[in-house]
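Morning, everyone. I have one structure to go through today, so please have the sequence and the 3D view open.

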Amino acid sequence: MGECPRLAQMTCPRSAASRVLGHQFVSEFSGVELQKSSMLGGQSETVKYRVFAGTWNVGGVAPPDDLDLEDWLDTKTDSYDIYVLGFQEVVPLNARTVLGPKQRRAAMKWNLLIGDALNNRRHGDGVAAMHDQGQGGVFRCLVSKQMVGIFVSVWTRSSLRRHVRHPAVSSVGTGVLGRLGNKGAVSVRFLLHGTSFCFVCCHLASGGKDGDALRRNADAVDILSRTSFLSYGGAPAAPDELPKKILGHDRVVLFGDLNYRIAMDDDDEARQLVGARKWSMLLENDELLLELCSGRQFDRWHEGYVAFAPTYKYRRNSDQFYWCPDGVATGRDKQHRVPAWCDRILWRGKGMKQVRYERCGGYRLSDHRPVRAVFHAVCELVEGVDA
């Protein structure tokens, strides 16, 4: 088999990645930008927004009251228009949480922390300061949805709310019996101006044994096929021409704990690569990159250059991997858990450009590290509506 271009990118110099994903490139577009476009074959006016997508498996740990999310959400730049945040395991995954009544307390607390960070309330600047900055007002939650441990929260600047129409949510469980919500996806869609967006927060099948990657593939196929959108929260019925399925939308982001692992049979070689922090060589065996390369399950999906350390599995409150690279392990440490990039962000559709893709290492609450991506998204203006 010939070398896959997507795998070959792992060997390109780090300086090349910084040119593509660095802050200098991001700063080329500050704020909303109007322009003429012929992207759909005809001349139309478009507007460009900066969309922040983040994912974090919090391992069933309730957030402390003083948890500051500003670093992960990069609030100091004050340059994003939309935040879409996905969490996995906001509650422990056990029989009571999966089969019993929904436990909303943790999700409500996460939403409160998000609002505090986005609107700078932790430092006493408050809502008035955000208005004074003239950056489009405060952030308000457009929609949030929880299915067992999966929780999605979408926030937009208040100045955008009148341009956002037909929000809808859909939850699909792929866990126990292929239907329960310990695994699966919560999806959110909306129309921004004349462009449809869909964000799919996933928690796919776990495990690093032979055949587990196929289970993850099957989960992804199931989510894409079974997800269907209805109106959200008593909102007016969406027009018939709006897509009902995920892949029918103009801009789609699929993110979360996708759980793809490193497919290596040689433990000694894996330990050497981890010990030397040779991430690019380890990524040559990444299951998701192999799937993207093959074009089987993720045809026409894109992922940015992975230039960060693995996101899983760490000891809680530590930067030490759970799987010891020196070969000294006892008890549960003997489990085969090669560090992996389980937490990923993919996208598809024209008019989307990813300009940042990063792991945020300063958060040690769980055995995962949060990941974020920033996109420039082009939206078509609607004549007579956006005048």
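I will take a sheet first and then a helix. Keep in mind that this is a predicted model.

The sheet is open and has 5 strands, in the order S6-S7-S8-S9-S10, with mixed pairing. Which strands stand at the edges? They are S6, residues 164–173, and S10, residues 343–348. Each of these has a single partner strand, so one side of each is left without a neighbour in the sheet. On average, neighbouring strands here are turned by 15° against each other, direction ignored.

Inside the sheet, look at S8, residues 195–203, and S9, residues 251–257. These two run parallel and are joined by 7 bridges. As a landmark, find phenylalanine 199, which stands opposite valine 253 in S9.

Helix H8, residues 212–226, lies across S6, S7, S8 and S9. The angle between H8 and S6 is about 135°.

Now to helix H9, residues 267–275. At its start, a side-chain oxygen of aspartate 266 comes to within 3.0 Å of the backbone nitrogen of aspartate 268. Which residues of H9 are buried? Ala270, Leu273 and Val274 are. Seen down the axis of H9, the buried residues fall within an arc of 100°, so they line one face of the helix. That buried set packs against helix H10, residues 279–283. On the other side of H9, Asp268, Gln272 and Gly275 are exposed.

Just after H9 comes arginine 277, with a positive phi of about 55°.

That is where I will stop.

Definitions and conventions
Residues numbered from 1 in each chain as written. Predicted model: local features only at pLDDT ≥ 70, side-chain atom pairs only at ≥ 80, totals over all residues. Heavy atoms only, no water. Buried < 20%, exposed > 50% of the residue type's maximum accessible area, 1.4 Å probe, protein only. Helix = DSSP H or I, 4+ residues; strand = E, 2+ residues; numbered from the N terminus. Arc of directions from axis to C-beta. Contact = heavy atoms within 4.5 Å. Polar contact = N/O pair within 3.5 Å; in protein donor to acceptor, adjacent residues only side chain to side chain. Pairing = 2+ DSSP bridges. Axes fitted to C-alpha atoms, helices over the stretch in contact; angles between N-to-C directions.
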